[in-house]
Amino acid sequence: MVGDRDRRNPGIIPRTFTKIFEIIQDNESKFEFKVSAYMLELYNERLQDLFVTPTEAFSKRIEIKRDRKGLVFVQGAETKEAASSGELFALFEQGCANRHIAATKMNVESSRSHLIVGIMIESRNLTNGSVSFGKLSLVDLAGSERAAKTGAKDDQLKEANSINKSLSALGDVISALSVEQPHVPYRNNKLTQLMQDSLGGNAKTLMFLNISPSDCNLDETLTSLIYATRVKAITNNAQRNVDSKEIAQLKEVILKLKSGQPVEEDV
């Protein structure tokens, strides 16, 4: 997801940051853009804000909410704006420094949590004033672990159990969506609650696998491929989220009133 340390071979996340601002630059004569992001980890079934220090994160209360259009937002999490891919990557590196990692027998820098980066993009049409908005969720899932192979004990074993529990819940959601079940169990885990607007409804879902060519990891490789095959079966009807100029202006007025700012009478 990240790539190598010197960024000669960047991963999906830095490539995404670059592409977002390339598209913005290509369309800046027609649209005005605003990009903001939050960054969380799900560690031992607890959501932690990576844009603040670990001490602050532990005392913060974070709640997963949904707006009327089904867009997931995280109440209580720090959201920061970025004006360039460099600024966005700097925020990402800041958040990564606060992540939980540890060495296991299978990985020198094993992620002990799931990483969720939410990027919100709002564009205002300079011709008609309409506003489009959307969210890109970049989720770096920790790998499913077997204690016998990783050598996990004590705290690491607790972390592994939490990781496997949330991956199992995600698998249940993916299975329900792939066969179009009427009930999708999003609420069974915080990971699936966070990813609800990225998996079903008005979303496009992509899963990338990091698999091993080694014979000793054959079981893990096959399990991962079967897992991802179910994701491929999910079909959604993605649509643009657009507000008219008038609706966009009303939303601005509401935000100003909520924050106590003065509102012009002719708005």
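**Exercise 1. Two rings in strand 1**

Task: In this predicted model, classify F31 as buried, partly exposed or exposed from its relative accessible area, then do likewise for F33, and decide how their rings are arranged.

Solution:
- Step 1. F31 has a relative accessible area of 23%. Buried would require under 20% and exposed over 50%, so F31 is partly exposed.
- Step 2. F33 comes out at 26% relative accessibility, and it too counts as partly exposed.
- Step 3. The ring centres of F31 and F33 are 6.0 Å apart, with 50 degrees between the planes. Stacked needs planes under 30 degrees apart and edge-to-face over 60, so this pair is tilted.

**Exercise 2. Rings along helix 3**

Task: Find out how F89 and F92 are placed in helix 3 and what kind of ring pair they make.

Solution:
- Step 1. An α-helix has 3.6 residues a turn, so residues three or four places apart point the same way.
- Step 2. F89 and F92 are 3 residues apart in helix 3, which means about one helical turn separates them.
- Step 3. Their ring centres lie 5.9 Å apart and their planes meet at 40 degrees, so this pair is tilted.
- Step 4. F89 and F92 are both buried. Ring pairs also bring in F17, giving a cluster of F17, F89 and F92.

**Exercise 3. The buried side of helix 3**

Task: Check the span of helix 3 against its 12 residues, then work out where its buried residues lie.

Solution:
- Step 1. Helix 3 covers residues 85–96, and at 1.5 Å a residue it should span 16 Å. The C-alpha atoms at its ends are 16 Å apart, so the two values agree.
- Step 2. The buried residues of helix 3 are L88, F89, L91, F92 and G95. They cover an arc of only 155 degrees around the axis, so they sit on the same side of helix 3.
- Step 3. Their packing partners are helix 1, strand 1, strand 5 and strand 8.

**Exercise 4. Two nonpolar cores**

Task: Which element gives the most residues to the largest nonpolar core, and what does L170 touch?

Solution:
- Step 1. The largest core has 27 residues, and L40, V74, L170 and L177 have the most contacts inside it.
- Step 2. Helix 5 gives the most to this core, with 7 residues.
- Step 3. Beyond its neighbours within four places in sequence, L170 is in contact with L141, L191, T192, M195, L199 and Y227.
- Step 4. A second, separate core has 19 residues, among them I24, F92, V117 and L138.

Methods
Residues numbered from 1 in each chain as written. Predicted model: local features only at pLDDT ≥ 70, side-chain atom pairs only at ≥ 80, totals over all residues. Heavy atoms only, no water. Helix = DSSP H or I, 4+ residues; strand = E, 2+ residues; numbered from the N terminus. Expected span 1.5 Å × (residues − 1). Buried < 20%, exposed > 50% of the residue type's maximum accessible area, 1.4 Å probe, protein only. Arc of directions from axis to C-beta. Contact = heavy atoms within 4.5 Å. Core = buried A, V, L, I, M, F, W, Y, C linked by side-chain atoms within 4.5 Å. Phe/Tyr/Trp six-rings, centres within 6.5 Å; stacked < 30°, edge-to-face > 60°.
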